[in-house]
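Me: Before accepting any label on a model, I like to see the value and the criterion side by side. Could you take me through this one in that way?

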Amino acid sequence: MLTRFIPATAIVMSVICPALGQEPVDLESMWRISAGEAVSSPFRVPGVDGYAWDLLHRQQGIQLPRGVSLGDEYTVTVWFNLSDASGRSALLSSAAHNHWLLMVNAGRSISLERRGRPSMNIEHDFMPGRWYHLALAVNGQRVSMYLDGILLAARVFPPVTNQVPPSHIRVVGAHQISADKADHFFKGIIDRPMVHFKELAGDELRAQYLAETQTIPIVPMPKQVFVNPADAPMQGTRG
């Protein structure tokens, strides 16, 4: 299903470019206005850092006022909690002309797609109602993926021979396919999406996860129908 983004940005795109020593960019702060509501008004729920944004049933991605350029070295971190594990759920993506997409696939894998570069798909089962901390660390041809502060996979891809424009992030919770349309809307809660303009080491990501996990609220498990009542969970979990 496709939908239009709620107008929230200028037509001419601007980009935040990485600079040496630049502080991390909190994507959430870019679309949170003074009243605490997001530009596209997803539902507010308790999150890791104050409020998180529940995108289930919204059928709307959140288009940032500016894109964030990723350069050759960066780390993207984000907390997420699936309410519905079916289908594909985009966590973060670029504008339509610059394909960069980080996505959960049917609750069974995480994938990274980049224009002009090899894709990466890592199998892992994701339980609805549970918070996960995902980190994607890139340094040139090396791509590492961490889940809850633990290395999930690392790949070293061959050098790119053709000229590829720098990737950037422009959309939270959807895959933008044209100027005003998107699909693969995230089915759940996204919180604290951050871009660091350097490759964070595994111990740094583990420390970040352990520090932030202390404030995660318990989220009730989504309603499900169980053939065997004994299979039904008692409550939500932090993991």
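Reply: Let us start with the criterion for aromatic contacts: rings of Phe, Tyr and Trp, the last by its six-membered ring, pair if their centres lie within 6.5 Å, and planes over 60 degrees apart count as edge-to-face. Please keep in mind throughout that this is a predicted model. By that rule the count comes to six aromatic pairs, and F80, F126, Y132 and F186 form one aromatic cluster.

Me: What makes F80 and F186 an edge-to-face pair?

Reply: The centres of F80 and F186 are 6.2 Å apart and the planes stand at 85 degrees; set against a limit of 6.5 Å for the centres and an angle over 60 degrees, these values make the pair edge-to-face. F80 belongs to strand β7 (residues 73–82), whereas F186 sits in the loop between β17 (181–183) and β18, so the two rings tie together parts that are 106 residues apart in sequence.

Me: Why are F80 and F186 called buried?

Reply: Buried means under 20% relative accessible area. F80 counts as buried because its relative accessibility is 0%, and F186 is buried because its relative accessible area is 1%.

Me: Why is the pair of F126 and Y132 called edge-to-face?

Reply: The ring centres of F126 and Y132 are 5.0 Å apart and the planes make an angle of 80 degrees, so this pair is edge-to-face. Both F126 and Y132 are buried.

Me: What makes R88 and E113 a salt bridge?

Reply: The closest N and O atoms of R88 and E113 are 3.1 Å apart, and the criterion asks for a side-chain nitrogen of Lys or Arg within 4 Å of a carboxyl oxygen of Asp or Glu, so the pair qualifies as a salt bridge. This contact links distant parts of the chain, with R88 in strand β8 (residues 88–93) and E113 in strand β10 (residues 109–114), 25 residues apart. The structure holds five salt bridges.

Me: Why does R88 count as partly exposed?

Reply: R88 counts as partly exposed because its relative accessibility is 31%, and that class covers what falls between under 20% for buried and over 50% for exposed.

Me: How do you know that D125 forms a salt bridge with R108?

Reply: The closest N and O atoms of D125 and R108 are 3.8 Å apart, which is within the 4 Å of the criterion. D125 lies in the loop between β11 (117–123) and β12 (131–139) and R108 in the loop between β9 (100–105) and β10, so this salt bridge ties together parts that are 17 residues apart in sequence. Both D125 and R108 are exposed.

Me: What about E199 and R142, and where do they lie?

Reply: E199 and R142 form a salt bridge with their closest N and O atoms 2.6 Å apart. E199 is in the loop between β18 (188–196) and α2 (202–212) and R142 is in strand β13 (residues 142–147), so this pair ties together parts that are 57 residues apart in sequence. R142 is partly exposed, at a relative accessible area of 36%.

Me: How do you know that β8 pairs with β9?

Reply: Two strands pair if at least two bridges are found between them, and five bridges join β8 to β9, which run antiparallel. Within this pairing, R88 stands opposite N105, and the partner of L92 is L102. β8 also pairs in the antiparallel sense with strand β15 (residues 168–172), over two bridges, where L92 stands opposite V172. On its side, β9 pairs with β10 in the antiparallel sense over six bridges, with W100 partnered by R114 and L102 by L112.

Me: Which strands are the edge strands of the sheet, and what makes them so?

Reply: The open sheet of seven strands has the order β2-β6-β15-β8-β9-β10-β11, with mixed pairing. The edge strands are β2 (15–16) and β11, as each pairs on one side only.

Me: What makes β9 mostly covered?

Reply: Six of the six residues of β9 are buried. W100, L102 and V104 point one way and L101, M103 and N105 the other way, and in a regular strand the side chains alternate between the two faces of the sheet. β8 is mostly covered as well, with five of its six residues buried.

How values were computed
Residues numbered from 1 in each chain as written. Predicted model: local features only at pLDDT ≥ 70, side-chain atom pairs only at ≥ 80, totals over all residues. Heavy atoms only, no water. Helix = DSSP H or I, 4+ residues; strand = E, 2+ residues; numbered from the N terminus. Buried < 20%, exposed > 50% of the residue type's maximum accessible area, 1.4 Å probe, protein only. Phe/Tyr/Trp six-rings, centres within 6.5 Å; stacked < 30°, edge-to-face > 60°.
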